[in-house]
Amino acid sequence: MEAGERKERFLKQRQVLIFFVLLGISRAGSEPRRYSVAEETESGSFVANLLKDLGLEVSDLAARGAQVVSKGKKMHLHFDRQTGDLLLNEKLDREELCGPTEPCVLPFQILLENPLQFFQAELQIRDINDHSPVFLDKEIILKIPESIAPGTAFLIERAQDLDVGSNSLQSYTVSPNSHFHLKLQDSSDGTILPQLVLDKALDREEQPEVRLTLTALDGGTPPRSATALIRVEVLDVNDNAPAFAKLHYEVQVLENSPIGSQVAIVSARDSDAGLYGEISYVFSQASEDIRKTFRINEKSGELLLTQELDFESIQTYTLNIQATDGGGLSGSCVVFVQVVDLNDNPPELIMSTLVNEIPENSKETVIAVFSVSDPDSGDNGRMVCSLQEDLPFTLTPSVENFYTLVSESGLDRESQAEYNITITVTDLGTPRRHTQHNLTVRVADVNDNAPAFSQPAYTLRVRENNSPALHIGTVRATDADAGANAQLTYSLLPPSDPHLPLASLVAINPDTGQLFALRALDYEALRAFDFQVRAADRGAPALSSQARVRVLVADANDHAPVVLYPPQNASAPCPELLPRAAEPGYLLAKVVAVDGDAGQNAWLSYRLLQATEPGLFGVGAHSGEVRTARPLSERDAPRQRLLLLVRDHGEPPLSASVALHVLLVDGFSQPYLPPPEAPGRAPGAGADEPLTVSLVGALACVSALLVGSLLALGAGRLCRRGGAASAGGGSGPAEGGVAGQLLDVGGTGTLAHGYRYEVCLAGSSGTFKFLKPVIPSSLAQGEERVSEENPNFRNSFEFS
């Protein structure tokens with residue numbers, strides 16, 4: 001049956017809503033309701049009916065889960081949900097619960113769980129006269145010198161009464177006598193102190209001892225009383241009473257000080273000698289608690305602990321210490337002992353309501369309602385509730401140390417599906433004490449995460465001429481959700497370029513994201529293409545994301561080099577002209593070739609395969625430039641044929657060959673006449689032959705005159721300059737010889753391809769071009785001077 005009740009309570013606690021939490025907190029700030037009951041009332045007694053105060057009907061109590069909670073674990077009250085009656089759980093003793101404090105009030109709270117609502121209330125325990133006054137000493141001894149003058153007052157031990165108010169100690173009486181009367185004095189703490197006042201001087205020889213009966217009465221109905229015997233011993237004359245060094249001592253003692261620890265040392269002095277100067281120390285007006293807790297050395301005045309102090313029970317002690325000399329004179333002082341609180345009690349946490357699972361992305365939800373308490377005081381009793389860092393939960397303080405644990409909006413199950421919450425209650429004492437309570441809250445999944453690709457863009461490389469259905473790569477996406485919300489399907493989106501036949505190029509596996517090439521790709525036709533891939537989950541509604549895929553087609557070496565120069569399709573190509581005076585390194589020609597492939601497959605290298613004179617020419621491996629390797633000699637054949645190889649760097653390499661025809665000439669002033677084995681002249685060429693012969697003869701005469709003049713003019717200059725003129729002039733042609741488009745005077749002293757000794761006699765246009773021959777620099781300088789005198793001289797060598 002108890003298990004069923006616990007289950008019912010747990011189910012009711014889960015029904016807490018935030019709206020009613022706020023309503024309950026607002027109601028909790030009102031004035032507390034007060035109820036009262038007399039102490040010693042039997043357990044189960046009726047205290048009050050709460051239906052009217054709560055504004056509820058009997059039928060509402062069970063539905064709203066009404067319960068009574070109070071500070072600490074001990075419950076003094078019981079709430080009957082069937083009737084709404086507030087009953088006592090046990091018989092209450094006001095003196096045990098509150099001690100001398102009046103009024104004696106026990107706070108408690110009434111908690112309604114559904115919706116959550118708090119009501120503050122107090123139970124006042126009324127005192128009854130269940131304790132009689134008690135004298136701790138049944139016999140009170142007063143030693144009074146006979147020299148004491150009448151009117152002197154003597155403080156005597158007071159009685160103790162645990163009741164308060166009108167039931168506490170109210171008056172004292174003393175038996176009739178001729179020497180003393182009783183005087184009552186109010187103390188600072190509200191108690192009544194009895195004093196004996198001497199009415200008549202004492203005479204030790206007449207009466208050495210006086211016996212009196214002291215009666216203490218409380219204010220109860222009927223009153224209770226107690227009696228004690230006062231023995232007055234009359235002493236001999238002593239004219240100096242003990243005097244304390246200080247009338248007030250203030251000490252602080254830690255509550256965990258061990259038994260036997262020294263609290264303080266009081267000291268008094270007496271100027272008398274002998275017996276009258278001997279001082280003894282005793283407690284005066286000491287309560288039972290003081291006598292149980294402290295002990296004083298009669299000779300030294302050392303105050304010691306006889307039991308451990310507990311700040312939570314008693315915080316201060318006021319000790320009256322009397323010093324009496326051997327002559328009966330006495331002096332007194334007060335020792336104020338303040339118990340220093342230590343943080344010796346950890347905080348307590350009592351859980352009232354708890355929820356274990358909430359959906360993600362939900363609004364603020366109440367997870368738990370609990371209360372905390374600490375019996376210590378000051379900073380030791382002040383508490384701070386906290387959670388571990390970086391948790392999406394907050395603690396909201398309520399009333400009377402109640403707290404509400406609320407989740408923040410927007411919990412994300414994908415970030416964390418379960419939270420282990422540790423509520424730590426820490427006091428502010430030294431050292432700090434804490435209590436921890438662990439909770440586990442699970443987050444239920446919703447489809448709030450779209451699939452995410454491993455990268456926003458993929459680059460795939462495929463070698464051209466691939467086989468169909470080749471796996472070229474894989475796109476991968478993940479979904480942070482769970483279950484069907486995380487199951488993905490891949491698909492291709494229509495291309496942005498309407499001319500791209502994507503459906504015939506690529507296909508995708510909808511379950512794995514694998515991409516396949518549907519046909520062989522050609523690098524020279526399509527080097528790269530882009531498309532979008534979509535990944536969608538199976539949630540409701542479904543979420544999706546896209547990624548860009550770029551396919552790069554890698555080149556294969558499937559194209560051989562193609563030679564652009566020299567052209568190989570001419571029926572009778574003109575040979576390259578090489579003057580016999582050319583120095584080593586002379587640029588004869590440059591082979592130009594291209595390759596349709598790319599990258600390494602298009603890197604070309606040149607090599608000389610065959611040559612009429614193997615050591616005469618060399619070719620640049622990367623530039624294709626054909627240069628002379630040594631000076632020419634008369635023994636070199638006038639006609640040279642070179643076979644060059646052009647090869648790429650592919651795997652395997654592809655190559656092409658080209659033939660280069662070279663004609664050695666003595667100087668560029670010689671016309672290039674077709675060899676006898678050349679093809680026949682074109683029709684109509686015979687009519688121009690006499691003119692050609694005449695022109696050649698005229699050109700020979702002019703050249704001879706020019707050479708003679710230049711030799712005569714340059715002879716003297718050559719003698720003066722010697723070798724310096726030869727070194728400065730080099731082998732290059734002089735400036736201003738021919739038109740700019742025919743000369744190429746570079747750092748290497750080579751000629752351009754257009755600067756060529758040739759006379760195309762077979763051409764239909766009949767145009768002759770005679771270019772300057774290679775001559776020594778001194779002759780070139782002479783020619784320059786002649787050119788300055790007659791600037792049209794060289795222009796006459798070009799005519800049509």
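# Reading the labels in a predicted model

Guide: Let us start with D390, which lies in the loop between strand 27 (383-386) and strand 28 (393-397). The model is predicted, and the labels below follow from values computed on it.

Visitor: Why is D390 called exposed?

Guide: The relative accessible area of D390 is 76%, and the label exposed requires a value over 50%, so D390 meets the condition and is classed as exposed.

Visitor: What makes the phi of D390 worth a remark?

Guide: D390 has a positive phi of about 60° although it is not a glycine. Most residues other than glycine have a negative phi.

Visitor: Where does E400 lie, and what is its phi?

Guide: E400 is placed in the loop between strand 28 and strand 29 (402-407), and its phi is near 50°, again a positive value in a residue other than glycine.

Visitor: Why is E400 called partly exposed?

Guide: With a relative accessible area of 41%, E400 falls neither under 20%, where a residue would be buried, nor over 50%, where it would be exposed, and therefore the label for E400 is partly exposed.

Visitor: Which residues are closest to the centre of the largest cavity, and what is its volume?

Guide: The largest cavity has a volume of about 130 Å³. Of the 13 residues that line it, those closest to its centre are S70, K71, S371, V372 and E400. Two or more lining residues come from each of strand 6 (104-113), strand 24 (348-354) and strand 26 (365-373), and strand 26 gives the largest share, three residues. By class, the lining divides into four nonpolar, six polar and three charged residues.

Visitor: How many cavities does the search of the whole structure find?

Guide: Two cavities reach 30 Å³ or more.

Visitor: What makes the peptide bond between E102 and P103 a cis bond?

Guide: Its omega is about 0°, and the bond is cis. P103 is found in the loop between helix 5 (94-98) and strand 6. The peptide bond from Y565 to P566 is also cis, with omega near 0°, and P566 lies in the loop between strand 41 (562-565) and strand 42. As background, most peptide bonds are trans.

Visitor: How many aromatic pairs are counted?

Guide: The count comes to eight aromatic pairs. One of them is F294 with Y317, an edge-to-face pair at 5.1 Å centre to centre with 80° between the planes. F294 lies in strand 20 (residues 294-296) and Y317 in strand 22 (residues 316-325), so the pair ties together parts that are 23 residues apart in sequence.

Visitor: Why are F294 and Y317 called buried?

Guide: The relative accessible area is 2% for F294 and 7% for Y317, and because buried means under 20%, the label applies to F294 and to Y317.

Visitor: What makes F453 and Y458 an edge-to-face pair?

Guide: Their ring centres are 6.4 Å apart and their planes make an angle of 75°; since a pair needs centres within 6.5 Å and edge-to-face needs planes over 60 degrees apart, F453 and Y458 satisfy both conditions. Both F453 and Y458 are buried.

Visitor: Which strands are called the edges of the sheet with the order 43-47-46?

Guide: This open sheet of three strands has antiparallel pairing. Its edge strands are strand 43 (587-590) and strand 46 (617-619), each of which pairs on one side only. Neighbouring strands are turned by 20° against each other on average, direction ignored.

Visitor: How do you know that strand 46 and strand 47 are paired?

Guide: Three bridges join strand 46 to strand 47 (residues 625-628), and because two strands pair if there are at least two bridges between them, strand 46 and strand 47 qualify. V619 stands opposite V626 in strand 47.

Visitor: What is the order of the sheet of four strands?

Guide: The order is 8-14-13-10, in an open sheet with mixed pairing. Strand 8 (139-145) and strand 10 (169-174) are the edge strands, each pairing on one side only, and the twist averages 25° from one strand to the next. Strand 8 and strand 14 (residues 225-235) run parallel and are joined by seven bridges, and the bridge partner of E139 in strand 14 is L229.

Definitions and conventions: Residues numbered from 1 in each chain as written. Predicted model: local features only at pLDDT ≥ 70, side-chain atom pairs only at ≥ 80, totals over all residues. Heavy atoms only, no water. Axes fitted to C-alpha atoms, helices over the stretch in contact; angles between N-to-C directions. Phe/Tyr/Trp six-rings, centres within 6.5 Å; stacked < 30°, edge-to-face > 60°. Buried < 20%, exposed > 50% of the residue type's maximum accessible area, 1.4 Å probe, protein only. 1 Å grid on protein atoms, 1.4 Å probe; cavity = no way out; pocket = protein on both sides within 12 Å on 5 of 7 lines; lining within 4 Å. Points joined across faces, edges and corners; volume = space filled by probe spheres on them. Nonpolar A, V, L, I, M, F, W, Y, C, P; charged D, E, K, R; others polar.
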